[in-house]
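Trainee: I would like to go through the labels attached to this structure and hear the reason for each.
Mentor: Go ahead.

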Amino acid sequence: MVDSVATPEPQLLKPGIKVPVAETLLTPRFYTTDFDAVAKLDISANETEIRAIVEELRADYNRHHFVRDDEFKQSWDHITGEKRRAFIDFLERSCTSEFSGFLLFKELSRRLKKNNPLLSEAFEYMARDEARHAGFLNKSMADLKVSLDLNFLTKNRTYTFFPPEWVIYTVYLSEKIGYWRYILINQHMQEHPEYQFYPLFRKFESWCQDENRHGDFFKALLQCLSTSRSASTQPKLWKNWQAKLWMRFFLLTVFVTHTITVFERASFYEAIGIHPRKYNNRVIQETNNTSARAFPLILNTNHPEFFWRLEQCSENNLKLAGIQKSNLPRFVKFLQKIPPILAIIWHMLQLYLIKPIDTEATRGTVL
Ligand SMILES: [Fe+2]
Ligand SMILES: [Fe+2]
């Protein structure tokens with residue numbers, strides 16, 4: 001059993017519509033970028049691979065997959081208490097992150113239509129997939145009588161600006177970690193069907209293939225950054241030292257965020273028979289290994305302090321949540337929060353300084 005915070009009761013915006021969870025550093029972000037710079041991306045170095053992926057996206061293998069079959073048509077009132085709250089929280093987080101992908105891809109598709117029709121087409125298909133994913137999750141939330149108003153979310157969330165190369169790194173990572181998150185839950189459910197308390201998990205096998213394809217598309221874009229002959233037209237070369245520092249940073253932030261959110265929602269994973277620590281470690285190790293195919297470096301997850309420090313970040317985050325929930329005056333809360341915040345920064349810094357693994361030599365041989 002891992003310590004976690006009890007999930008708060010969902011607040012309603014209006015009947016049946018949930019107030020979106022407050023935006024923090026840990027909630028899924030909405031992104032915007034320099035669309036003109038993306039339109040000017042020189043993809044000639046990797047055009048064949050990009051065309052092959054667009055072909056696959058066009059084939060739309062999952063067009064008949066996202067159907068709410070008969071097993072959804074029943075009452076879900078028997079899911080109660082912490083399990084219900086934690087499940088709603090899981091659905092909301094997943095739905096928001098899928099919807100964030102939809103908004104970004106849709107806008108990229110629209111803005112690139114004239115100057116980069118191939119990329120525009122790819123983004124259109126990926127927006128289609130993410131809309132299906134977000135819609136399916138939102139309908140699952142509606143089964144629990146608290147859906148999200150996605151229009152409200154579109155208008156009221158903060159959009160974070162990322163330059164194109166950061167978008168490519170972070171979306172690549174979020175697609176690949178999404179793949180591992182879904183496939184590992186699906187594999188667990190196949191081995192232990194007694195935990196399948198809601199039919200959504202059955203859908204994850206084909207669903208995660210969408211995420212895998214999206215990730216492969218971003219990997220192909222990354223390779224364009226690395227192999228372009230006309231470096232001046234690219235936002236930045238990926239193999240220079242700054243790019244490598246950013247990749248380490250994004251790998252680390254994705255893994256810290258994942259650890260914190262898994263441990264915060266430990267009750268959900270326990271409810272579906274998944275050991276939160278084992279799940280978190282496996283998702284991170286697999287995502288890190290997969291990234292070796294795309295990045296010139298990955299993190300050393302075998303370092304003896306690696307997972308311990310990640311969990312220290314989570315422990316301190318739980319302390320922060322406890323302080324936030326207390327009835328102390330704001331000023332006292334502020335003072336009490338300083339040590340755990342400093343501890344998280346310290347552990348992240350120590351993690352960042354662990355020597356990464358150079359993947360140039362193993363490219364193409366590691367999954
Ligand atoms: Fe998705
Ligand atoms: Fe995706």
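Trainee: What makes the contact of Glu311 with Arg277 a salt bridge?
Mentor: This is a predicted model, and in it the closest N and O atoms of Glu311 and Arg277 are 2.8 Å apart. The cut-off is 4 Å between a side-chain nitrogen of Lys or Arg and a carboxyl oxygen of Asp or Glu, so the contact counts as a salt bridge.

Trainee: Which parts of the chain does that pair link?
Mentor: Distant ones: Glu311 lies in helix α11 (residues 306–325) and Arg277 in helix α10 (residues 276–291), 34 residues apart.

Trainee: Why is Glu311 called buried, and what is Arg277 called?
Mentor: Buried means under 20% relative accessible area. Glu311 has 14%, so Glu311 is buried. Arg277 has 35%, and partly exposed covers what lies between 20% and 50%, so that is the label for Arg277.

Trainee: How many salt bridges are there by this rule?
Mentor: The count comes to 23. Bridges that share partners join Asp60, Arg128, Asp129 and Arg132 into one network.

Trainee: What makes Glu82 and Arg85 a salt bridge?
Mentor: Their side chains meet at 3.4 Å, N to O, and the limit is 4 Å, so the pair qualifies. Both residues lie in helix α3 (residues 81–112), three residues apart, about one turn of the helix. Glu82 is partly exposed at a relative accessible area of 22%, and Arg85 is partly exposed at 22%.

Trainee: Why is the pair of Tyr182 and Phe204 called tilted?
Mentor: The ring planes stand at 45°. Under 30 degrees would be stacked and over 60 edge-to-face, so the pair falls in the remaining class, tilted. The ring centres are 4.4 Å apart, and the limit for pairing is 6.5 Å. Tyr182 is in helix α6 and Phe204 in helix α7 (residues 204–227), 22 residues apart.

Trainee: Are those two residues buried or exposed?
Mentor: Tyr182 is buried, with a relative accessible area of 7%. Phe204 is buried too, with 0%.

Trainee: How many aromatic pairs does the structure hold?
Mentor: It holds 39. One of them is Trp166 with Trp246, tilted, at 4.3 Å centre to centre and 50° between the planes. Trp166 sits in helix α6 (residues 164–191) and Trp246 in helix α8 (residues 241–264), 80 residues apart.

Trainee: Why does Trp166 count as buried?
Mentor: Its relative accessibility is 19%, and the limit is 20%, so Trp166 counts as buried. Trp246, at 30%, counts as partly exposed.

Trainee: Which residues are the protein donors of the iron ion (ligand 2)?
Mentor: Glu130, Glu175, Glu211 and His214, with donor atoms 2.0 to 2.6 Å from the ion. A donor must lie within 2.8 Å of the metal, so these atoms qualify.

Trainee: What does Glu130 coordinate?
Mentor: Glu130 coordinates both the iron ion (ligand 2) and the iron ion (ligand 1), which are 3.4 Å apart. Glu130 is buried, with a relative accessible area of 2%, and Glu211 is buried with 3%.

Trainee: Where does the charged end of Arg248 sit?
Mentor: Over the ring of Tyr352, 4.8 Å from its centre. Similarly, Arg157 lies over the face of Phe30, at 5.0 Å from the ring centre.

Technical notes:
Residues are numbered from 1 along each chain as its sequence is written. Chains are lettered from A and ligands numbered from 1 in the order in which they are written. This is a predicted model: local features need pLDDT of at least 70, side-chain atom pairs count only at pLDDT 80 or more; totals for chains, interfaces and linings use all residues. Side-chain values use heavy atoms; hydrogens and water are left out. Rings of Phe, Tyr and Trp (its six-membered ring) pair if their centres lie within 6.5 Å; planes under 30 degrees apart count as stacked, over 60 as edge-to-face and the rest as tilted. Helices (H or I, at least four residues) and strands (E, at least two) are DSSP runs, numbered from the N terminus. Buried means under 20% relative accessible area, exposed over 50%, partly exposed in between (1.4 Å probe, protein chains only). A charge sits over a ring if NZ of Lys or CZ of Arg is within 6 Å of the ring centre and within 35 degrees of the ring normal. Donors are N, O and S atoms within 2.8 Å of the metal (3.2 Å for Na, K and Ca); water is not among the atoms, so sites may look incomplete.
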